[in-house]
Amino acid sequence: MSGSLAFGLSSFVTSTRGSVSKRNQPQNSINFVSVESNSSDTVTVPIGFEWSVVASWGDPMWTKAPNFNSKTRGTGESQELSIGDNIDGMAFFEIEGRSILVVNNEYCNFKVIYGNRPLGLPQSLDDLRKGMAAHGVSIFEIERTGRYWKVIKDSFYNRRITPATEMEITGPAAGHRLLQTAFDPSGRKVLGTLNNCGNGSTPWGTYLTCEENFNKYFYTQDQNFNSSLEQNRYGISSTNSGYGWASLQERFDLGKHPNEVNRFGYIVEIDPTNPESIPKKRTALGRFKHENCAVTVCKNKKVVIYMGDDEHGEFLYKFVSKNSLSTNKKDNMNLLEDGDLYAAIFEETGKGYWVNLLDAGMGPAQTLIYSRLAASKVGATTMDRPEWVSLNPHTPELYCCLTNNKFRGRRQGQKVNAVNPRRENVYGQIIRWRPDNNDHAFSQFTWDHFLFAGNPLVHDDEYSGSDNINSDNMFNSPDGLSFDSQGNLWIQTDGDYSNTGNFKGMGNNQMLMADPNSGLVKRFLVGPNECEVTGITWSSDKSTMFVGIQHPGDKHPEKYSFPNEAEGVPRSSVIAIYRTDRGMMG
Ligand code: FEO
Ligand code: CA
Ligand code: CA
Ligand code: CA
C-alpha cells in the first residue's frame, strides 16, 4: 500500500489496513457529534443543525408555470419553466446584493418524470420535450425570509439552460471539420449542454458546468453504422439508452449526423449576471466525461484548472491558460479560450508530473476533441474513476475522489499501481497532490493518499480502509468533494446503499467532514433512501450550506417520496443546512 512522505508531514502512520498521511496542525472546525449511518427516507444532520428544502425538481421558476403536479409530473412546457431534474454541482453567486443559485441538472430519472406512464418511459413527443427540458442548468434567485431560503419567481436572473439552448463553441477546436454538421457548417454553434455533472466557478464570476456522460443521448437505427475507434473510446454506440431524442431532433441520430456528438463532452462557461448571454463551450479544456473542475491562479497569473474524467481507467487533467488573469472582468471572459492541456502521470515514488497532450502528435484540434486518446498516447496514469477535485484554500494542494473501479487489476491497461493500489476497488480512495515550488504552473508534483474508504466490520485486510476509517465513519464511493473557506473538506458519496455485504453498516449515501491536517473524518449528514449526495456551495455570508440530494428513490420511486411524503413522488432537491445558533457553516 502506498503512502508517501509528502509535504514534510509531522507524523506518518502505516499499518496493514492502509497508510495515510497525518499532520498535527489544528484545523478550524465545525463542532458536531457524528450522526450514525441509517436507511431512513429523510435527511439526518447532527444536533445543533437543521435543514430545509430550497427547490426541488419541477418547482416553477416563473409565475406563468403551474405548480408541480405529482399526478402528471408536468409537461414539456411546464418543465421548460421549472427546476430541472437530478440536481448535481452548484454554485452560489452574489450579484448586486442578490443571491443567485446556479444548479446542474445532470439527467432524468425515467421512473420519476414518466411515473405517470405505465411503463415509466416517454410515450409522446411532449414527453421527449419534457425529458430534454429536465436536463441542463437551472439559474434562480433565492431569498431568505425568516430562517428559510425560497426561490424568487420571475427574477430577472432566472434562466433555464437546456439541451436546446443556443451556445458557442470556442477555442482551438472550434470550426474544425469534426465539429461541422448539416445544421452548423461553421462548427461554431451548437444547441445545448448535456449531462451536466459537477461544476466550477471562476474568479471573474462565471459558472463552469461539466458535460459528463454525453454519449448516452446519441444512437441510431442505421444498420450500416459502425462506431469508430475514437467513438468506442467515448462509449458512443448505436444503442438507444432510452432518451429517444432523435425522434424529436434528428441531430441525435448518429447515423445521420455523425459529428453532432463531437460537440459534447466539454466544459461550458456561463455568465449568471446576464440571462441573455450565450454560454461558451471551452474546447481548450478538452473533451472527455468531465466530472467537475477546480479553478485557481498560479504565480504568474495564468489560470489553472484541474479536472477529472470519470470512467474506469481514465485520467486526471490540468489546463493552463495562455493569457494571464486581468483585473478587468471583461478581459477575463475569454481567458478559457486558449491554453495548454496536460494529463497526469503518477509515479510509484510519490512524485508525479503533467505531460502536455500536444506531445501525442495529434495536432491541436484533434488533441482536444479526442483528449482521451491523446492522454493514452503520452502514457498518462489510468485512474480509479476521477470524480471531484478540490483545492485547499490554505495551501496549494488538490484533493480528488477516485470513486471506485471494479476493473482495476482485471482489465488491460488497468494494472494495480501505487496510486490505485487495490484490485477490484469497490470502496474508492481520496488522493492529493501538491505542485513543486507550491506553484500550479510547475509540471512536477508530490502526491499521497488522504484516505482509503473501506469496511472494517467486514474486512481485516486492505479493504477495511485506512487508519482514519472506522465503523463510525465508514462510507463507500467518495464522489463530491469540496473545501469550505475555513479549510474543512466535505466528502459526498455516490455509492452502494444496500447496507449489506461489503457495504454492511454504511447505510444510505452521506456527507462527511474531514480535517486535511489530522485526517479525522466525521459523518455529518445521511441522505434519504436511494439518493446520491452531490453538489455543495455556501451563501456569501457562510451561514448556509447548500447541498444537492440527487435521485432520491432511484430504484424504487413507488416506495419513497423525499422530500414531501404527501406527494408520493421522490424529487431531486437542493437543501439548505444551517446551524441553530446561526453560526458559520464553513
Ligand atoms: Fe456525474 Fe461522475 O458523476
Ligand atoms: Ca459525481
Ligand atoms: Ca459517481
Ligand atoms: Ca449521479
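Is Asp 479 buried or exposed? In this predicted model, Asp 479 turns out to be buried, with a relative accessible area of just 2%. Glu 387 gives the same kind of picture: it is buried, and its relative accessible area is 2%.

Both residues belong to a metal site. Glu 387 (OE), Asp 479 (OD) and Asp 494 (OD) coordinate the calcium ion (ligand 3), at 2.3 Å. Written along the sequence, the spacing of these donor residues reads E-x91-D-x14-D. Glu 387 sits in strand S20 (residues 386–391) and Asp 479 in strand S24 (residues 478–483), so the pair ties together parts of the chain that are 92 residues apart in sequence. There is also a second ion to keep in mind: the calcium ion (ligand 2) lies 3.9 Å from the calcium ion (ligand 3), and Glu 387 coordinates both.

Strands S20 and S24 come up again at the largest pocket, which has a volume of about 770 Å³. Its lining is made up of 32 residues, and those nearest the centre are Ser 201, Ser 390, Ser 482, Phe 483 and Trp 538. Two or more lining residues come from each of strand S4 (87–95), strand S11 (196–201), strand S15 (290–297), S20, S24 and strand S28 (532–538).

Next, the nonpolar packing. The largest nonpolar core holds 79 residues, and Ile 305, Met 307 and Tyr 317 touch the most other members. Take Ile 305: with neighbours within four places in sequence set aside, its contacts are Leu 208, Leu 285, Cys 293, Ala 294, Val 295, Tyr 317, Lys 318, Phe 319 and Leu 336. In soluble globular proteins, nonpolar side chains do tend to be buried together.

Glu 36 offers a contrast to the buried Glu 387, as Glu 36 is exposed, with a relative accessible area of 66%. It is found in the loop between strand S2 (20–22) and strand S3 (49–56). Beyond four places in sequence, Glu 36 is in contact with Arg 523 and Val 526. Its C-alpha atom is separated by 23 Å from that of Lys 559, a residue 523 places away along the chain.

As for confidence, the chain has a mean pLDDT of 95, with 95% of its residues at 70 or more. The stretch to watch is residues 1–17, where pLDDT stays under 50. The model still has 59 contacts beyond four places in sequence for that segment. Where pLDDT is low, though, the predicted coordinates should not be read in detail.

How values were computed:
Residues are numbered from 1 along each chain as its sequence is written. Chains are lettered from A and ligands numbered from 1 in the order in which they are written. This is a predicted model: local features need pLDDT of at least 70, side-chain atom pairs count only at pLDDT 80 or more; totals for chains, interfaces and linings use all residues. Side-chain values use heavy atoms; hydrogens and water are left out. Donors are N, O and S atoms within 2.8 Å of the metal (3.2 Å for Na, K and Ca); water is not among the atoms, so sites may look incomplete. Helices (H or I, at least four residues) and strands (E, at least two) are DSSP runs, numbered from the N terminus. Buried means under 20% relative accessible area, exposed over 50%, partly exposed in between (1.4 Å probe, protein chains only). A nonpolar core is a set of buried Ala, Val, Leu, Ile, Met, Phe, Trp, Tyr and Cys residues joined through side-chain atoms within 4.5 Å. Contact means heavy atoms within 4.5 Å. pLDDT is the predictor's confidence in each residue, from 0 to 100. On a 1 Å grid over the protein atoms alone, a cavity is a set of points where a 1.4 Å probe fits but cannot get out, and a pocket is an open set with protein on both sides within 12 Å along at least five of seven lines; lining residues have an atom within 4 Å of a point. Grid points are joined across faces, edges and corners, and a volume is the space filled by probe spheres set on the points.
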